[in-house]
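Biologist: Could you take me through the aromatic pairs in this one, and then follow them out into whatever surrounds them? I'd like one connected story rather than a list.

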Amino acid sequence: MTSDYASIISQSLNTLPVGICIIREDHTITFWNRTIETWTGISQIQAEGRVLEDVVPVFREHHEKSRLKVVFKGGGPVILSSRFHPRIFPLRDNSQNEGKYQRIIISPFILQDEGTQAIITVEDVTAITEQVFMYRQIKDQLAFELEEKKITQRALEMALSKLNNLASITRHDLLNSLTVFEGYLGIILNQEPGGKIQTYLEKMRESTLSMKRHITFARDYQEMGNAVPAWYHVESLVKNSGIGPNFRDIIIETNTGNLEILADPLIVKAVYNLLENAVRHGEHTTHITVSHVKGPDSVTIILEDNGVGVPSDKKGRIFNKGFGSNTGLGLFLTREILGITGMQIIETGTPGKGARFEIRVPAGHFRYPGEE
């Protein structure tokens, strides 16, 4: 290497934070920069002019030697990955070699009047390699935990399916038995036994009806959340729920336009419960109105009637399970059904002037098809 060439190389490459070694086609080292000198403890004087394999014995191996041939035969740069070749250039202290990783890039290096040479760049990639290993461990751990979660989820789904089947069969058998029992009670009552026996039998029939209502409630409660929520047109919900003998003399007025809400399929049951509650407990209800108020991040559906309303001392309890003069399950079930998709319900009517139920529907759970 000429003195001018050596000067250029020294100025441009000696300050780099990576190891640089330049060799001729016969593998004689023509340049050994200061960084690689510091790492290996082998000085420039000791390295330059010697054959690479004598200074770095790993290059005697067939694989490493063959990569040098590729470069000198006109091939492009080659990389010796730290994954397969952790350490090629030895460090000053042999104990430092443990756990150290190097990334080697061998590229053609051609300068005028110097012929084809190869420049070997050595990077210390220990830190980034350790991070990769750590990320792989985290990834493997996450994959393991995800698989464990899937196994647990499948087991829970199977257990839930079995429990649902068992509950369904049990309810079916109970209803059949109660129907038979109710039939026998009807036969006996038709004979008008009179006295206390008549009273006891009538109470037994009332208990039978109550048990059937509770079984029906258990079915509805079990079905909540089992189906995927869907979009429901509010006006259609109200109109379809307000059909039947219970609403024969009731005017139901709906003013919700094209409003749709995202709800559990049991929303049909919830709307019916609210309408039926207005008739049953309103005493003299003749008119039910359903409207809505759109807010900045929600919409409120308002259902109000002209019945007797809810007494002030009962407002905070009407949604409690078991509260009420009938089964005490209707409004409780309604609140639970609405809550599946984040809706909230409160009663804000004035006692003596009618009940007023407000249902708050959160953002993302309501829409107005056809509107911007």
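Modeller: Counting ring pairs in this predicted model gives 5 aromatic pairs. Take Trp-32 and Phe-89 to begin with: their ring centres sit 6.0 Å apart with the planes at 45°, so this pair is tilted. Trp-32 belongs to strand β2 (residues 29–32), while Phe-89 comes from the loop between β3 (78–80) and β4 (102–111), so the contact ties together parts that are 57 residues apart in sequence. Both Trp-32 and Phe-89 are buried. There is also a third ring to mention here, as ring pairs join Trp-32, Phe-59 and Phe-89 into a cluster.

Now for Phe-319 and Phe-357. Their ring centres are 6.1 Å apart and the planes stand at 80°, so you'd call this pair edge-to-face; the cut-off for that label is over 60 degrees. Phe-319 is in the loop between β10 and α10 (330–339) and Phe-357 is in strand β12, so here the pair ties together parts that are 38 residues apart in sequence. Again, Phe-319 and Phe-357 are both buried.

Phe-357 is a handy way into the sheet. Its bridge partner is Glu-347, and the strands β11 and β12 pair in the antiparallel sense over 4 bridges. Step back and you have an open sheet of 5 strands, running in the order β7-β9-β10-β12-β11 with mixed pairing. The edges are β7 (251–255) and β11 (344–347), each of which pairs on one side only. On average, neighbouring strands of this sheet are turned by 15° against each other, if you ignore direction.

Stay on β12 for the charges. Arg-356 makes a salt bridge with Glu-304, with the closest N and O atoms 3.2 Å apart. Arg-356 is in strand β12 (residues 356–362) and Glu-304 is in strand β10 (residues 298–305), so this pair ties together parts that are 52 residues apart in sequence. Arg-356 is partly exposed at 23% relative accessibility, and Glu-304 is partly exposed too, with a relative accessible area of 28%. Glu-358 comes in as well: Glu-304, Arg-356 and Glu-358 are linked in a network of salt bridges.

Across the model, the count is 11 salt bridges. Another one joins the side chains of Lys-65 and Glu-53, at 3.9 Å from N to O. That pair links distant parts of the chain, with Lys-65 in helix α5 (residues 62–72) and Glu-53 in helix α4 (residues 52–55), 12 residues apart. The two ends are covered unequally: Lys-65 is partly exposed, with a relative accessible area of 33%, whereas Glu-53 is buried at 6%. For a bridge inside one helix, look at Lys-239 and Glu-235, whose side chains meet at 3.0 Å, N to O. Both of those residues lie in helix α8 (residues 234–241), 4 residues apart, which is about one turn of the helix.

One last stop, out on the surface. Met-134, Tyr-135, Ile-138 and Leu-142 make a nonpolar patch of about 410 Å². Met-134 is placed in helix α6 (residues 126–190), and at 39% relative accessibility Met-134 counts as partly exposed.

Terms used:
Residues numbered from 1 in each chain as written. Predicted model: local features only at pLDDT ≥ 70, side-chain atom pairs only at ≥ 80, totals over all residues. Heavy atoms only, no water. Salt bridge = Lys/Arg side-chain N within 4 Å of Asp/Glu carboxyl O. Helix = DSSP H or I, 4+ residues; strand = E, 2+ residues; numbered from the N terminus. Buried < 20%, exposed > 50% of the residue type's maximum accessible area, 1.4 Å probe, protein only. Patch = residues over 30% accessible without salt bridge, like charges linked within 9 Å, V, L, I, M, F, W, Y side chains within 5 Å. Areas by Shrake-Rupley, 256 points an atom, 1.4 Å probe, with all protein chains shown as cover. Pairing = 2+ DSSP bridges. Axes fitted to C-alpha atoms, helices over the stretch in contact; angles between N-to-C directions. Phe/Tyr/Trp six-rings, centres within 6.5 Å; stacked < 30°, edge-to-face > 60°.
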